[in-house]
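Student: I'd like to learn to read a model like this one feature by feature. Could we go through it together?

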Amino acid sequence: MLLEKLKDGIKFTNNEKETARYILENLDKVPGMSSAELARAAFTSKAAVVRLSQKLGLTGYQEFRLKLVEKINQKNRLSPLQGKCPSATALSMWIRTMWETEH
């Protein structure tokens, strides 16, 4: 839901939209950034970063970072199940082959 809200940008100011765009394009970097670092990278203010976090229904940037890491980890866990991981594809092919040889 968090990533979808960032993508939708409903009722975001222009600064918040730019910050959201930066976050979505740099999901690997943002969890390690402070609000000041994110503000500099997105060409906005620290206050705008905090307001964006609050607009997303969170208490502030710290909670935003925790939720973002949670969503990234969840997405990474689901990727193999969605066939995006070569090992999952190989496993599924192996299971299909074994099933076909037994039936």
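Student: Where is the place of F43?

Tutor: This is a predicted model, so keep that in mind as we go. F43 sits in the loop that runs between α3 (35-41) and α4 (46-55).

Student: What stands out about the backbone there, and is F43 buried or exposed?

Tutor: Look at phi for the backbone part. F43 has a phi near 55°, which is a positive value in a residue other than glycine. For the side chain, go by relative accessible area, where over 50% counts as exposed. F43 comes out at 76%, so F43 is exposed. You can also place F43 against another part of the chain: the C-alpha atoms of F43 and Y22 are separated by 9.6 Å, with the two residues 21 apart along the chain.

Student: Which other phi values are positive?

Tutor: One is at K11, with phi near 65°, again in a residue other than glycine. K11 is in a loop too, the one between α1 (2-8) and α2 (14-25), and K11 is exposed at 73% relative accessible area. Another is at G57, just after α4, where phi is about 90°.

Student: Let's move to charges. How many salt bridges does the structure hold?

Tutor: Three. The thing to look for is a side-chain nitrogen of Lys or Arg within 4 Å of a carboxyl oxygen of Asp or Glu. Start with K55 and E16, whose closest N and O atoms are 2.8 Å apart.

Student: What does the pair tie together?

Tutor: Check which elements the partners belong to. K55 is in helix α4 and E16 in helix α2, so this salt bridge links parts that lie 39 residues apart in sequence.

Student: How accessible are K55 and E16, buried or exposed?

Tutor: Read each partner separately. K55 is partly exposed, at 39% relative accessible area. E16 is buried, at 4%.

Student: And which side chains does R21 meet in a salt bridge?

Tutor: R21 meets E18, at 3.0 Å from N to O, and E25, at 2.8 Å from N to O. Here the sequence spacing is what to read. R21 and E18 are three residues apart in helix α2, about one turn of the helix. E25 and R21, also both in α2, are four residues apart, again about one turn. Since they share partners, the salt bridges join E18, R21 and E25 into one network.

Student: Where do the network members fall on the accessibility scale?

Tutor: R21 is partly exposed at 37%, and E18 is partly exposed at 38%. E25, at 52%, is exposed.

Student: Now the other end of the scale. Which residues in α4 are buried?

Tutor: They are A48, V49, L52 and S53. Once you have such a list, ask how the residues are arranged around the helix axis. These cover an arc of only 140°, which puts them on the same side of α4.

Student: Can we take V49 as a case? What is V49 in contact with, leaving aside its neighbours within four places in sequence?

Tutor: Sure. V49 lies in helix α4 and is buried, with just 1% relative accessible area. To read its surroundings, skip the sequence neighbours and see what remains: V49 is in contact with T19, S35, L38, A39, T44 and Y61. The C-alpha atoms offer another view: those of V49 and E16 are separated by 7.3 Å, although the residues are 33 apart along the chain.

Student: One last feature. Where is N26 found, and is N26 buried or exposed?

Tutor: N26 is in the loop between α2 and α3. With 12% relative accessible area, N26 is buried.

Student: What lies 2.9 Å from a polar atom of the N26 side chain?

Tutor: For a polar side chain, look at backbone atoms as well as side chains. In this case the backbone oxygen of Y22 is 2.9 Å from a polar atom of the N26 side chain.

How values were computed. Residues numbered from 1 in each chain as written. Predicted model: local features only at pLDDT ≥ 70, side-chain atom pairs only at ≥ 80, totals over all residues. Heavy atoms only, no water. Helix = DSSP H or I, 4+ residues; strand = E, 2+ residues; numbered from the N terminus. Buried < 20%, exposed > 50% of the residue type's maximum accessible area, 1.4 Å probe, protein only. Contact = heavy atoms within 4.5 Å. Arc of directions from axis to C-beta. Polar contact = N/O pair within 3.5 Å; in protein donor to acceptor, adjacent residues only side chain to side chain.
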